[in-house]
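Subject: Structure handover, ring and histidine contacts

Hello,

Please find the structure below. My notes on its side chains come after it.

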Amino acid sequence: MEGVLLLNKPAGMTSHDCVAKMRRLAKTKKVGHTGTLDPDVTGVLPICLGRATKIVEYLTAATKTYEAEITIGYSTTTEDASGEVVERKSVESPITKLMVEDVLRSMVGTIEQVPPMYSAVKVNGKKLYEYARAGIEIDRPARLITINELVLLGDVIQKDGLVTFRFRVTCSKGTYVRTLAVMIGERLGFPAHMSHLIRTKSGNFHLSECFTFEQIEEAVEKNELQKYLLPIGNALNNLPKLLIHDTLAEKVKNGAVLELPTQFHDIEAGSPITIFNEEHQCLAIYSKHPTKSHLMKPIKVLYNEA
């Protein structure tokens, strides 16, 4: 059993919970996820099984897309709907669609973001949420994030002193969308929090390709789980690809340093290249040699049996 399972993560489960459940369903210990989602968040969570756990780092996408709902009028400890209320400020004057769109436009590009206290970011060797649970708030260094797209979805709804609206964001790895919601609220002059979030895309993987646990459990009962798994080579199809003959394949399986083909001479040292045999099986991931530009060396050997 090996490959990448595109899970539509349900609400109420941590990413670790999802991995544990897949270990039970697939009856294998070799399971790993490719990017944490908070328990309340749903959507795209690629999970690697068997030999595919070797490629987790290449599936932790540089960009992700989310659809979120923001509620303006009060903030929470966790910056989402699960936290305790920190501050309230009733929205009495209108917040128009034009005002919201102006704020969203102003945040596109490279901006600074301070990670939330309830996060896994480490400060002085300790995760921020550990400080938060102990009632300790500490200074967190701001980090640069990139917002590629930030657009309003639908109408701005104002009722009972609260304002809600939905937005879509495509952003760099390490962006906290709940903190983004708080930042949007601040720019509009009010406390705010993220009231709903779904990840619709992670790298090349889209929500429409994902399976629910109900579908996966049904596949297990029918002994058809392997059909739901994306082959390792398919999961890596966004990387440069080199097709080799069977004689060279044996050297690749043994982790040999090879001549760098002409078509890859211009790539940067360390950039990954996937190596496929004549059966279109991804044997390894190589990269341009850091000091010998005419050679390439293995980063990950995926199939090394004789």
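The notes cover aromatic rings, charges over rings, and one histidine.

The model is predicted, and the values here are computed from it.

Aromatic rings. The count comes to 1 aromatic pair. Its members are Phe-211 and Tyr-228, whose ring centres are 4.5 Å apart with 55° between the planes. That geometry is classed as tilted, because the angle is neither under 30 degrees nor over 60. The two residues lie 17 residues apart and link distant parts of the chain. Phe-211 is in the loop between strand E13 (205-206) and helix H6 (213-221), while Tyr-228 is in the loop between H6 and helix H7 (232-235). Phe-211 has 23% relative accessibility, so it counts as partly exposed. Tyr-228 is likewise partly exposed, at 24%.

Charges over rings. The charged end of Lys-21 sits over the ring of Phe-213, 4.5 Å from the ring centre. Lys-241 places its charged end over the ring of Phe-276, at 4.4 Å from the centre.

Histidine. Is His-193 buried or exposed? With a relative accessible area of 1%, His-193 is buried, because the cut-off is under 20%. This residue belongs to strand E12 (residues 192-202). The His-193 side chain reaches the backbone oxygen of Tyr-74 at 3.0 Å. Leaving aside residues up to four places away in sequence, His-193 touches Glu-69, Ile-70, Thr-71, Tyr-74, Thr-76, Glu-79, Asp-80, Ala-81 and Ala-181. Tyr-74 therefore appears both as a residue touched by His-193 and, through its backbone oxygen, as the partner at 3.0 Å, a distance within the 3.5 Å used for a polar contact.

Regards

How values were computed
Residues numbered from 1 in each chain as written. Predicted model: local features only at pLDDT ≥ 70, side-chain atom pairs only at ≥ 80, totals over all residues. Heavy atoms only, no water. Phe/Tyr/Trp six-rings, centres within 6.5 Å; stacked < 30°, edge-to-face > 60°. Helix = DSSP H or I, 4+ residues; strand = E, 2+ residues; numbered from the N terminus. Buried < 20%, exposed > 50% of the residue type's maximum accessible area, 1.4 Å probe, protein only. Lys NZ or Arg CZ within 6 Å of the ring centre and 35° of its normal. Polar contact = N/O pair within 3.5 Å; in protein donor to acceptor, adjacent residues only side chain to side chain. Contact = heavy atoms within 4.5 Å.
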